[in-house]
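Colleague: I'm new to this one, so could you walk me through it and tell me how you know each thing?

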Amino acid sequence: MTLQTPDPADTIWDGIDDQRGRTADLLEQLTDEQWEHPSLCEGWTVRHVAAHLTLQQQHVGDAIAFISRHPRMLRSLTLNAAIHDSALIVARELSSEQIVARIRSMIGSRRHNVGVTPLDTLTDTLVHGQDLAVPLGLDLPIVLTAGQLAATRRWDTRGSWLDRVFDQIPLDGYRLRATDTDWTRGEGLEVTGPISAILLLLTGRPVALDQLTGPGMDSLRPVVLRS
């Protein structure tokens, strides 16, 4: 019997669907106070992060319709400003239950935002899940295969326009190695840790530092904290 190689696209979308489902499960259990708790994203609460996760299927027509309903978005002149402001608008418009329902409604769909790939959607889903879970002291594990794919995408797109939405951490001169899966990138002083922590490091989250070790940490830690 010939074993079929899994379709890479199926693997990516399975990871997105799994994370969306578990994120929705977590959000359903939150108190009103937890919804308003600060997230790992500066200026955003857990509600804002969750609202942002409902905006992962925007095509050109959707974006135009959103702007027409909210003309103030015309003042959001940068990509980061547009991301920030759109999340605040949705967070005000939707109840907690509606936000959860919208995240669940995307499960099984392969629609994604114009201008990005499914890998970027996977990265967004995984990392923002940590942005809302970690400050609440809640566990939302990143599946190893999904974490590997997202970390590779982040490493491969360093310096591109996609990189601009993250806080910039210079990683030249470091070798990043995951301790829970077969993943290594870079050359230089070694930094090791779980793939979830490496992904958070690659997306500019200093909270990852507590899970990372290795000879490169003495020089990397102050660099991250200054970024």
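Modeller: Sure. This is a predicted model, and its chain has ten helices and three strands. From the N terminus on, the elements run α-α-α-α-α-α-α-α-β-β-β-α-α.

Colleague: What makes the chain as compact as a globular protein of that length?

Modeller: Set its radius of gyration against the globule rule. The chain comes out at 18 Å, and the rule gives 17 Å for 227 residues; those are close, so the chain counts as being as compact as a globular protein of that length. As for extent, the C-alpha trace spans about 55 × 50 × 35 Å along its principal axes.

Colleague: How do you know that strands S1 and S2 pair?

Modeller: Pairing takes at least two bridges between two strands. Strand S1 (residues 174-178) and S2 are joined by two bridges, and they run antiparallel, so they meet that cut-off. One residue to look at is Arg177, whose bridge partner in S2 is Thr184.

Colleague: Why are S2 and S3 called edge strands?

Modeller: The three strands form an open sheet in the order S2-S1-S3, with mixed pairing. Strand S2 (184-185) and strand S3 (189-193) each pair on one side only, and that is what makes them edges.

Colleague: What makes the largest set of 31 residues a nonpolar core?

Modeller: To belong, residues such as Leu or Trp must be buried and joined through side-chain atoms within 4.5 Å. The largest such core has 31 residues, and Leu171, Leu176, Trp183, Leu201, Leu202, Leu212 and Leu220 are those with the most contacts inside it. Helix H1 (8-28), helix H7 (118-133), helix H8 (144-156), S1, helix H9 (195-202) and helix H10 (217-226) each supply at least two of its residues. The largest share, seven residues, comes from H9. There's also a second, separate core of 28 residues, with Leu30, Trp35, Ala87 and Ala91 among them. In soluble globular proteins, nonpolar side chains tend to be buried together.

Colleague: Which residues is Leu212 in contact with, leaving aside neighbours within four places in sequence?

Modeller: Leu212 is in contact with Val191, Thr192, Gly193, Ala197, Ile198, Leu201 and Met217. Contact here needs heavy atoms within 4.5 Å.

Colleague: And how much of the chain is called buried?

Modeller: Buried residues make up 46% of the 227; the cut-off is under 20% relative accessible area. The accessible surface of the chain is about 11500 Å², and 54% of that belongs to carbon and sulfur atoms.

Methods:
Residues are numbered from 1 along each chain as its sequence is written. This is a predicted model: local features need pLDDT of at least 70, side-chain atom pairs count only at pLDDT 80 or more; totals for chains, interfaces and linings use all residues. Side-chain values use heavy atoms; hydrogens and water are left out. Helices (H or I, at least four residues) and strands (E, at least two) are DSSP runs, numbered from the N terminus. Buried means under 20% relative accessible area, exposed over 50%, partly exposed in between (1.4 Å probe, protein chains only). The radius of gyration is taken over C-alpha atoms; the globule rule is 2.2 Å times the number of residues to the power 0.38. Accessible areas come from the Shrake-Rupley method with a 1.4 Å probe; for residues, only the protein chains shown count as cover.
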